[in-house]
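Please walk through this structure with the sequence and the 3D view side by side. The tour starts with a helix crossing and then moves outward.

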Amino acid sequence: MALWLATPQQSVDTVSLLITYMSLVLLIILSFWLGAVFTLGSFSLRMGLSATGFISVPSYAFAGVTYPYIAITDSAKYWADALPLTHYLQLHIAQLQMQAPLTVSLPIVYGLLLATVIAIILMVFLTKRALSHPERWGAR
């Protein structure tokens, strides 16, 4: 429904809608797994949620949509490039608003897929570590 509401009144290619939807699903899955990685890495839900908030809150400011990407400082650009939302929004704008060719957005799809797979693998190792030390869960 979100993609349907985001499409302009002009016709959008079905492939562009599918690639944008697939990327949105990858972004959501990656966000969940990053939250799990931070929570399991710190053995604390409080610290995991704080770290996840530290990633998600600035992503809206540095993503290049609300404030132009070319106008932010170099350190903010490094931070923006590390955030998955920045790349998804670039794909979203390219596919649904600019009707760019699919080849422009494929590296972003591959990057989101790779980041998701890495987060899942990292989460598996951190889960094994957390399960072997239940006495540390929730410790400060």
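**Helices, cores and loops**

α3 and α4 cross in a left-handed sense. The model is a predicted one. Helix α3 covers residues 45-62, and helix α4 covers residues 74-82. Their axes come within 10 Å and cross at roughly 120°. An angle of 65 to 115 degrees would count as roughly perpendicular, and one over 145 as roughly antiparallel. The pair α3 and α4 is therefore oblique.

Which residues meet at this crossing of α3 and α4? From α3 come Phe54, Ile55, Pro58 and Phe62. From α4 come Ala76, Trp79 and Ala80. Sorted by class, the contact of α3 with α4 holds seven nonpolar residues, no polar ones and no charged ones.

Now step back to the whole chain. Its secondary structure comes to six helices and zero strands. Along the sequence the pattern reads α-α-α-α-α-α. The chain has 140 residues, and 32% of them are buried. Take the contacts in the chain with a separation of 6 or more: residues 24 or more positions apart account for 66% of them.

Next comes a second helix pair. α2 and α6 pack at an angle of about 25°, and their axes are 8 Å apart. Angles under 35 degrees count as roughly parallel. α2 and α6 are therefore roughly parallel to each other. The crossing of α2 past α6 is left-handed. By class, the contact of α2 with α6 has 23 nonpolar, four polar and one charged residues.

The nonpolar cores come next. The largest one has eight residues. Ile19, Leu26, Leu30 and Leu91 belong to this core, along with Ile108, Val109, Leu112 and Ala119. Which elements give two or more residues to this core? They are α2, spanning 14-42, and α6, spanning 102-132. The largest share, four residues, comes from α6. Apart from this core lies another, of seven residues. Among them are Ala36, Leu40, Phe43 and Met123.

Two residues repay a closer look. Start with Ile19, a member of the largest core. Set aside its neighbours within four places in sequence. Ile19 is then in contact with Leu91, Gln95, Leu102, Leu106 and Val109. Of these partners, Leu91 and Val109 are also listed in the largest core.

Ser16 sits in helix α2. Is Ser16 buried or exposed? Its relative accessibility is 7%. Buried means under 20%, so Ser16 counts as buried. With neighbours within four places in sequence left aside, Ser16 is in contact with Gln95 and Leu96. Gln95 also appears among the contacts of Ile19.

Finally, turn to the backbone in the loops. Most residues other than glycine have a negative phi. Phe43 has a phi near 60°, a positive value in a residue other than glycine. This residue lies in the loop between α2 and α3. Phe43 counts as buried because its relative accessibility is 6%. Phe43 is also one of the residues in the seven-residue core.

Gln99 has a positive phi too, near 50°, and is likewise a residue other than glycine. Its place is the loop between α5, residues 84-97, and α6. How exposed is the residue? Gln99 has a relative accessible area of 40%, so it counts as partly exposed.

Conventions:
Residues numbered from 1 in each chain as written. Predicted model: local features only at pLDDT ≥ 70, side-chain atom pairs only at ≥ 80, totals over all residues. Heavy atoms only, no water. Core = buried A, V, L, I, M, F, W, Y, C linked by side-chain atoms within 4.5 Å. Buried < 20%, exposed > 50% of the residue type's maximum accessible area, 1.4 Å probe, protein only. Contact = heavy atoms within 4.5 Å. Axes fitted to C-alpha atoms, helices over the stretch in contact; angles between N-to-C directions. Left-handed = near helix turned anticlockwise from the far one by under 90°. Nonpolar A, V, L, I, M, F, W, Y, C, P; charged D, E, K, R; others polar.
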